[in-house]
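Please read this report alongside the sequence and the coordinates. It goes from the whole chain to single strands, sheets and side chains.

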Amino acid sequence: MLLITLYFNMLIPTSCNSQSVNDSIQYSLDNPGVYAFTDRSIYMPGEDINAFIYLMNAYESSVLKYSSVYVCLVDPYTDSAIVKADALLDGTAAQMTIHLPLSIPPADYLLKVVTNEYAEGMKENIFRSLIHIRTTKQPPIHREPIKVYSELLDERRQDTLQWKVPANLHAEVIPVKSIYNTRELAQFKVTLRNAEGKPMEGSFIATCALSSRVFPNEVDICKYYYYNQYLENYLPMNWNMNTATDSIRKLGKDIRLHKFAPRQYSNFYPITGNVRLNGKLPQKPLVITVAENLWSTKTDSRGNFKLPDIAIGHGSSSYVTVVPSEDRRSRYQVTVTDHRDSLYQVIARTKHRFETRSIPDLIPEDEFSNPFSLSFKDTHTTLTEIPIDQIEPYADSGCDATVCRELGVWKCNFPMHHLKTPNIGQTYSDGQSIFNYVGCPEDNLSADWFKKVRAIPSWIEFYSPDFGRETFPAPQKQGTLYFHTGWIWKETGEGKFEFYTNDLKGTFIVLLEGFSNEGPFSAQATITVK
């Protein structure tokens with residue numbers, strides 16, 4: 001993990017020469033922001049969106065200011081954040097999961113991503129991409145497109161806009177063979193060359209997903225790096241970028257297309273709070289500790305304190321506990337305020353052009369990947385969709401409930417998996433029953449002297465089943481087979497990765513995106529599972 005992080009930190013360019021869209025519009029690469037690479041674009045309720053976040057265009061002297069990313073799945077018609085998630089940046093990258101609740105309606109959504117610097121009013125574009133939620137039975141909600149800056153568009157013709165990527169890199173991802181059986185090891189080679197054919201080194205993130213879950217012509221890292229991030233609000237995301245200089249000129253000559261976020265906080269702290277001693281102001285500053293991290297800070301003279309994102313970051317716990325580091329704690333009263341919800345509201349309310357796309361309304365039954373189709377039992381289990389209102393809440397009276405970190409299986413007993421405490425409010429299964437975990441008595445204790453706040457997770461690795469060593473009696477039909485980082489060696493300009501196919505049959509797309517010292521690169525390949 002440390003090696004991967006250092007490698008990404010070394011290779012992501014922090015500045016680059018300016019490019020131009022056309023003769024009248026200039027833009028520079030001084031505007032920091034993020035780019036999110038997801039494992040696919042079509043999901044079912046109950047699944048996880050796997051995302052890899054790149055920090056772009058931040059100067060080396062300012063990289064340390066970026067410590068976390070904030071992600072929300074937005075209903076663009078109500079400007080509301082339906083799903084919220086955050087993660088700590090590890091250098092210039094973060095890997096995370098965004099869990100989709102079983103109750104989320106099938107529709108088209110915008111995934112929006114910012115860093116902690118956005119909350120402080122810094123120049124930063126909101127990254128956005130389309131995410132489609134589909135089921136096997138319920139058609140999605142279809143609504144009219146939202147048009148922002150519609151005066152730029154001439155509806156009588158198909159406007160497009162010229163852009164180009166410098167022809168300095170050529171990447172390929174090559175499968176060892178094109179056809180595989182179910183539960184067979186698939187192997188791939190990655191090559192990277194510059195314009196002269198010289199081997200180059202680079203870091204990449206690769207995914208393999210069922211082709212029907214990947215919408216074609218998504219914005220890749222090259223197109224976003226050299227073009228889309230500078231035209232955030234003004235043009236459609238999915239234009240065919242070839243020749244539309246007339247519409248862009250309507251923006252005005254020599255306009256700088258930088259966007260400024262509303263200034264919310266001079267310094268953004270996810271958590272602020274206050275401490276009282278027997279209901280009164282303390283006579284001196286007090287030490288406040290986040291118990292799980294042994295992280296501490298002092299209050300001011302009026303008992304106020306602030307917790308930065310790194311203070312509440314935790315890799316294995318969903319919540320952290322804020323307590324005074326004093327004797328006789330029962331004398332103290334702690335209150336906390338979580339400012340992340342207000343930040344998500346600002347992100348969600350920022351208007352963006354949004355157009356739905358023509359994709360299938362339903363997922364075929366034979367591709368149904370129930371997120372709870374995982375079983376380590378000796379007998380096969382037939383699983384069906386269970387309406388959310390039929391799932392009984394599970395109160396963990398013994399405070400001993402566990403799930404495996406790799407697959408989220410309830411009370412998993414597989415020896416190779418790592419156990420963790422379930423997330424409160426999340427739904428799990430053991431392959432036969434479904435549990436809506438509402439916590440244990442300790443989670444619901446009401447005490448004045450401590451408060452629990454939601455932790456910010458650190459790097460979350462995707463779990464790819466190893467069918468060579470693990471036994472899965474139940475059919476495995478997860479739509480994503482692989483989502484991991486890798487690297488290409490300087491001496492050979494080559495890298496490799498491998499994973500097992502599962503029980504889904506059909507065409508799978510392998511997408512790869514990464515960075516070298518000469519800029520971003522991308523590649524893709526297909527395999528067939530029979």
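The sections below describe a predicted model.

## Overall composition

The chain holds 6 helices and 30 strands. Of its 530 residues, 53% count as buried. The accessible surface of the chain is about 23800 Å², and carbon and sulfur atoms account for 49% of that area.

Contacts can also be sorted by separation along the sequence. Taking contacts between residues at least 6 apart in sequence, 75% join residues at least 24 apart.

## Strand S14 and its two partners

Strand S14 covers residues 202-210 and is mostly covered, with 9 of its 9 residues buried. Strand S27 (residues 480-488) runs antiparallel to S14, and 8 bridges join the two. Strand S29 (residues 506-516) also pairs with S14 in the antiparallel sense, over 9 bridges.

Which residues stand opposite Ser-203 in these partners? In S27 the residue opposite Ser-203 is Trp-487, and in S29 the residue opposite Ser-203 is Phe-515. Phe-515 also belongs to an aromatic cluster, which is taken up further below.

A general point on strands applies to the sheets that follow. In a regular strand, side chains alternate between the two faces of the sheet.

## Two open sheets

One open sheet consists of 3 strands in the order S18-S15-S20, with antiparallel pairing. Strand S18 (304-307) and strand S20 (332-338) are at the edges; each has a single partner strand, so one side of each is left without a neighbour in the sheet. Neighbouring strands in this sheet are turned by 25° against each other on average, direction ignored. Between strand S15 (residues 271-277) and S18, the antiparallel pairing extends over 4 bridges. Here Gly-273 stands opposite Phe-305 of S18.

Another open sheet has 3 strands in the order S21-S25-S24, and its pairing is mixed. Its edges are strand S21 (393-394) and strand S24 (427-429), each with a single partner strand, so one side of each lacks a neighbour in the sheet. S24 pairs with strand S25 (residues 434-437) in the antiparallel sense over 3 bridges. In S25, Asn-436 stands opposite Thr-427.

## Aromatic pairs around Tyr-224

A search of the whole structure finds 22 aromatic pairs. In one of them, the rings of Tyr-35 and Tyr-224 have centres 5.4 Å apart and planes at 40°, so this pair is tilted. Tyr-35 lies in strand S3 (residues 33-38) and Tyr-224 in helix H3 (residues 221-226), so the pair ties together parts that are 189 residues apart in sequence. Tyr-35 counts as buried, at 2% relative accessibility. Tyr-224 is buried as well, with a relative accessible area of 6%.

Tyr-224 also pairs with Phe-127: the ring centres are 5.1 Å apart and the planes are at 70°, so this pair is edge-to-face. Phe-127 lies in strand S10 (residues 127-133) and Tyr-224 in helix H3, so the pair ties together parts that are 97 residues apart in sequence. Both Phe-127 and Tyr-224 are buried. One aromatic cluster is formed by Tyr-35, Phe-52, Tyr-54, Phe-127, Tyr-224, Tyr-225, Trp-459 and Phe-515. Through Phe-515, this cluster includes a residue that stands opposite Ser-203 in the pairing with S29.

## Val-114 and its surroundings

Is Val-114 buried or exposed? At 0% relative accessibility, Val-114 counts as buried. Val-114 lies in strand S9 (residues 108-115). Leaving aside neighbours within four places in sequence, the residues in contact with Val-114 are Val-34, Ser-68, Val-69, Tyr-70, Glu-124, Ile-126 and Ile-347.

The C-alpha atoms of Val-114 and Cys-72 are separated by 9.3 Å, and the two residues are 42 residues apart along the chain.

## Cysteines

Cys-72 counts as buried, at 1% relative accessibility. Cys-208 counts as buried too, at 0% relative accessibility.

How many disulfides does the model contain? With a limit of 2.5 Å between cysteine sulfur atoms, the count comes to 0 disulfides.

Conventions:
Residues are numbered from 1 along each chain as its sequence is written. This is a predicted model: local features need pLDDT of at least 70, side-chain atom pairs count only at pLDDT 80 or more; totals for chains, interfaces and linings use all residues. Side-chain values use heavy atoms; hydrogens and water are left out. Buried means under 20% relative accessible area, exposed over 50%, partly exposed in between (1.4 Å probe, protein chains only). Two strands pair if DSSP finds at least two bridges between them. Axes are lines fitted to C-alpha atoms, for helices over the stretch in contact, and angles run from 0 to 180 degrees between N-to-C directions. Contact means heavy atoms within 4.5 Å. Accessible areas come from the Shrake-Rupley method with a 1.4 Å probe; for residues, only the protein chains shown count as cover. Rings of Phe, Tyr and Trp (its six-membered ring) pair if their centres lie within 6.5 Å; planes under 30 degrees apart count as stacked, over 60 as edge-to-face and the rest as tilted.
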